[in-house]
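Me: I am new to this structure and should be grateful for a close look at a single part of it, the largest pocket. Please describe the pocket and then the parts of the chains that bear on it.

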Amino acid sequence: MWNRSKREEETQARQMAPEPAREAIPTTTYPARRVEEATTRAAAVIGKTILVKGTVSGKEDLLVDGRLEGDVDLPENRLTVGPGGQIEGKIRAREIVIYGVVQGNLEASERVEIRKNAKVIGDLRACRPVIEDEAYFKGNVETIRVDPPKQAKPAAAAPAPAATLESQSPLIVPPPTESSRG
Amino acid sequence: MNQAGAGSSGLAQAGGQGASADQRRSHAMQSLARHLESHFGLQVADLGGLNQNNLDFVTGSGHRLYAVDLIVGYDSFFSRGEISEGKADEARIAEFLEATLDGTGRRLSAVLLWDRLQFLLPQVALALVERLRAVMEPGGLLLAMFHPESAGSAAPLDCRILGDSFVKAVPRPPLRPVERFNPRTVERLFSGFGSLKFFVTRDSLQEVLVRR
């Protein structure tokens, strides 16, 4: 910190100079408080008094603090269900963080966090599922396995996908049939 | 297999909270963990509700976890009158069991029932055991715990798996009346199953491992 070069100082000074026409750029790299982060990172908001019926899809983060009756599809982004938020439908997103109520299946390519006092009824598939104490969950949990990157062979026609669902993996053992049960 | 990881993190967590007195060596859990270790892709049910330790332990071993809090479901389904009078008709019980176990999807290979049976009406407990027998696959294991026969009331235990053979069992208030079971009534309750094994523990909590 004390040995910063002059160029770095100039760069930071430029960033901190007042530019009223632009949006403020956060200068700190420290993580904000959890709820604040969830709120500020959401580019789009469904507010407390809003009711949406139908599918919601897009390519930006979303905070739902109202009621949503329908599926959510944000494969590259983060969905936050705020403390007052309620969703009835399937959710697919990169990250899902729930403080409110969700009735429907959840699928996240990265993580799902079910926070204290949240209520979730549905199946959950995620790379990293996290559940806090005093959260209510009813349903199945499956983790998505991320296969380590393989050395590409010259003859290989197509590269292996980065992440595969456990249920799609050839390693999965199917439930035994009547004939195989002992 | 990721049990070591799940276990060590769990032990560290418990240690950090200074709640080591709640940790117990569980031989029933040890047997069940061995069963889980030797298979892959099983369907496991945790009827004590979902917590991070159990989630990590089960899914980290490559299995699928179905979780539901039996007590929460029971309290919200049955009216106070039904519970206090001890009256719940067959249709209501069947409806409750359907709502509780409808999401399992596959036949169950292992069930973590913990101490939940004792907080249900006897006819509900009996019907639940029958239903579990029907949805479990042969060879599947069920772990149950029973508070001592002398206990008139107890708080349901919040049970967390801390590795292959340790469980952290923390009472979750409020106290509730418990149905009393002795070894003979437990045997009778699980008479439709293949085998039953009692484990002696230091405290008075009785552990039972039942094989379908």
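Reply: In this predicted model, the largest pocket has a lining of 19 residues. Those that lie nearest its centre are A:Asp133, A:Glu134 and A:Ala135 from chain A, with B:Asp69 and B:Arg172 from chain B. Three elements give two or more residues each to this lining: strand 13 of chain A, which covers 136–143, and strands 7 (157–161) and 8 (166–171) of chain B. By character, eight of the lining residues are nonpolar, seven are charged and four are polar. The space in the pocket comes to about 370 Å³.

The two strands that chain B gives to the lining are also paired with each other. Strand 7 and strand 8 of chain B run antiparallel and are joined by five bridges. Within this pairing, B:Leu157 is set opposite B:Pro171 of strand 8. The two strands make a hairpin, with four residues between them. In the turn of this hairpin, B:Gly163 has a positive phi of about 115°.

The hairpin belongs to an open sheet of three strands in chain B, whose order is 1-8-7 and whose pairing is antiparallel. Strand 1 (23–25) and strand 7 of chain B are the edge strands; each has a single partner, and so one side of each lacks a neighbour in the sheet. From one strand to the next, the twist averages 30°. Strand 1 and strand 8 of chain B are antiparallel and are linked by three bridges. Here B:Gln23 faces B:Lys168 of strand 8.

Beyond strand 8 of chain B comes a loop that leads to strand 9 (176–177), and B:Pro174 is found in this loop. The peptide bond between B:Pro173 and B:Pro174 is cis, with omega at about 10°.

Residues of both chains lie nearest the centre of the pocket, and the contact between the chains can be described in its own right. On the side of chain B, 27 residues are in contact with 23 residues of chain A. Together the two chains bury about 2100 Å², of which 51% is on carbon and sulfur atoms. In chain B, the residues that lose the most area to chain A are B:Phe40, B:Leu50 and B:Arg64, which together account for 27% of what that side buries.

Chain A, which gives strand 13 to the lining, also contains strands that pair in the parallel sense. Strand 8 (residues 91–98) of chain A pairs with strand 10 of chain A over six parallel bridges, and A:Ile96 stands across from A:Val112 in strand 10. Strand 10 of chain A is also joined to strand 12 (residues 124–131) of chain A, in this case by seven bridges and again in parallel. In that pairing A:Glu113 is opposite A:Val130 of strand 12. Strand 10 (106–114) of chain A is followed by a loop to strand 11 (119–121), and A:Asn117 has its place in that loop. Although A:Asn117 is not a glycine, its phi is positive, at about 75°.

Notes
Residues numbered from 1 in each chain as written. Chains lettered and ligands numbered in written order. Predicted model: local features only at pLDDT ≥ 70, side-chain atom pairs only at ≥ 80, totals over all residues. Heavy atoms only, no water. 1 Å grid on protein atoms, 1.4 Å probe; cavity = no way out; pocket = protein on both sides within 12 Å on 5 of 7 lines; lining within 4 Å. Points joined across faces, edges and corners; volume = space filled by probe spheres on them. Nonpolar A, V, L, I, M, F, W, Y, C, P; charged D, E, K, R; others polar. Pairing = 2+ DSSP bridges. Axes fitted to C-alpha atoms, helices over the stretch in contact; angles between N-to-C directions. Contact = heavy atoms within 4.5 Å. Buried area = accessible area lost by both parts, 1.4 Å probe.
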